[in-house]
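Me: I have a model open on my screen and would like to learn how to read it. Could you take me through a few features?

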2 protein chains.
Amino acid sequence: MNILWVFAHPERRSLNGSLMTEGLRELERMGHESRVSDLYAMKWNPVVDAGDFDAPEAAESGRLLVGAEQERAHRESTLSEDIRAEQEKIRWADAIVFNFPMWWFGPPAILKGWFDRVLVQSFAFGLTDEHGQTRRYGDGGLAGKRALVVTSVGARESSFGPRGVHGSVDEVLFPLLHGTLWYTGVSVLPPFVVYGADRATEAGGADQADALRARLRELPTAETIPYRHENGGDYDDALVLRPHLAPERTGLGVHTREAP
Amino acid sequence: MNILWVFAHPERRSLNGSLMTEGLRELERMGHESRVSDLYAMKWNPVVDAGDFDAPEAAESGRLLVGAEQERAHRESTLSEDIRAEQEKIRWADAIVFNFPMWWFGPPAILKGWFDRVLVQSFAFGLTDEHGQTRRYGDGGLAGKRALVVTSVGARESSFGPRGVHGSVDEVLFPLLHGTLWYTGVSVLPPFVVYGADRATEAGGADQADALRARLRELPTAETIPYRHENGGDYDDALVLRPHLAPERTGLGVHTREAP
């Protein structure tokens, strides 16, 4: 398998950094090919602006329409080089690992801007199938790939549980897991989360590395989160879940299929 | 009232930009004072790194511990000047408006990094009350302030409803509304969301500006989202919601108090 490891932490000698080191070693041992996007080391620019597109007219005279310019530049292969290099890595990859500390209940800005700039329309989404239907949620430009989020939080596990004060970790990460990855067709593994990271000890770090290695060994085969497909018949034409599914329920959990 | 308007769009002549223009005009008409952080115009740097702190030793020899360095630099007033300027605006403000297009179901990276860099420990959180309890969720460094999110999405409203394919808009925005704003003590108004923004017309824009003006007139008085207080007795010592509240339920919705 070809695996892209996207790393977003300013310090390689951090818990997240050591997870990457151990993880890449395990992938090599398994015979996988891996490539790394170490966003801080690359001085990745996370800010979408007119410099992303070769669009001098748009920038100077007309209004800058971000989505339309991203798509046009993608089709004309004039997106800036740093963006095209990341897209090339994504095309190459069968699976992507996103490794970051959770800051304000989401990825650090440098990683958020990787999604903002790289996953443009007509590359990652906005494609249609042979029936003219939009390929989205379970299908899209990144269909067939897998992803694993590897993250750390300072809080205890109980506070991120189904009734914990922070919200359950998979619902807090829903904009990334469902709204970004599944949206573009990626099958998403349950996230690997290190809790209590502020109180991490060396012994704890070794346990965490062991647990991560076990998860990586299953990367090609593990069951992914059974989110519903947009075009699988579960949603009506207004993109609302049909009433007989998860009847009477609301909340982000309704978008995951129940065990049969 | 003093109102800080934080704007995160690369194009002032966008729907979001015109909402800001109309909104600021309305605030002035109401006799409020306002200040603007136009993050793109300011060329705001959204990336947390050692340059935020006066920490050459940490950067060169030891490991960079982001949270600890942020707190130390805040206490020593050595956070970088751009961060301190934003903190000063926050201190001055009674209410903050966050105005941005939703990209990948969250704020653009330039705004995500405003939270990452500005809301540091001992400024926005990590404070204790007279009983030694951590002031968090409904209390904290920003207690007493209000916030309104003004955002736009391309999708139709139905697809962001309680059973819409994208998830309900307040649950998708939970990391911001609850995990960032309420976490630091800010009372949060229900978000103002423009749907179908990609298909916006001028007539529709005028309607949206009217609707926003109405929301801004209520900014000082409108009821805020009744999220639960961490220290209000609803959570046990493991920070899990007590069983008699929202009994048998899970999901992000349990963290909002029910109507009496």
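Reply: Gladly! This is a predicted model. Let's begin with the two chains. To compare copies, they are superposed by least squares on the C-alpha atoms of residues with pLDDT of at least 70 in both.

Me: What turn and shift lay chain B on chain A?

Reply: A turn of 180° with a shift of 0.0 Å along the axis does it, and the RMSD is 0.0 Å. That is the relation of a two-fold axis. The same surface serves both copies, as 100% of the contact residues of chain B recur in chain A.

Me: Which residue of chain B comes closest to the rotation axis?

Reply: Look for B:A109, whose C-alpha lies 2.4 Å from the axis.

Me: Let's turn to helix α5 of chain A, residues 109–118. How many of its residues are buried?

Reply: The general idea is a cut-off: buried means under 20% relative accessible area. In α5(A), 10 of the 10 residues are buried, so the helix is largely enclosed by the rest of the structure. Among them are A:A109, A:L111, A:W114, A:F115 and even charged residues such as A:K112, A:D116 and A:R117.

Me: What do those buried residues pack against?

Reply: Within chain A, they pack against β1 (2–7), α3 (66–75), α4 (81–92), β3 (95–101) and α7 (174–181). From the other chain, α5 of chain B joins in.

Me: How do I read the packing of two helices, say α4 and α5 of chain B?

Reply: Start with the angle: 65 to 115 degrees counts as roughly perpendicular. Helix α4 (residues 81–92) and helix α5 (residues 109–118) of chain B pack at about 90°, with their axes 10 Å apart. The two are therefore roughly perpendicular to each other.

Me: Which residues meet there?

Reply: From α4(B) come B:D82, B:I83, B:E86, B:Q87 and B:I90, and they meet B:W114, B:R117 and B:V118 of α5(B). By class, this contact has 4 nonpolar, 1 polar and 3 charged residues. As for the spacing along a helix, an α-helix has 3.6 residues a turn, so residues three or four places apart point the same way.

Me: One last feature, backbone angles. What is the phi of A:E248?

Reply: It is near 70°, a positive value in a residue other than glycine. A:E248 sits in the segment after α8 (202–217) of chain A. In chain B, B:E248 also has a positive phi of about 70°, and its place is in the segment after α8 (202–217) of that chain.

Me: Are these residues buried or exposed?

Reply: Exposed means over 50% relative accessible area. A:E248 counts as exposed at 82%, and B:E248 is exposed at 80%.

Definitions and conventions:
Residues numbered from 1 in each chain as written. Chains lettered and ligands numbered in written order. Predicted model: local features only at pLDDT ≥ 70, side-chain atom pairs only at ≥ 80, totals over all residues. Heavy atoms only, no water. Contact = heavy atoms within 4.5 Å. Helix = DSSP H or I, 4+ residues; strand = E, 2+ residues; numbered from the N terminus. Buried < 20%, exposed > 50% of the residue type's maximum accessible area, 1.4 Å probe, protein only. Axes fitted to C-alpha atoms, helices over the stretch in contact; angles between N-to-C directions. Parallel < 35°, antiparallel > 145°, perpendicular 65-115°, else oblique.
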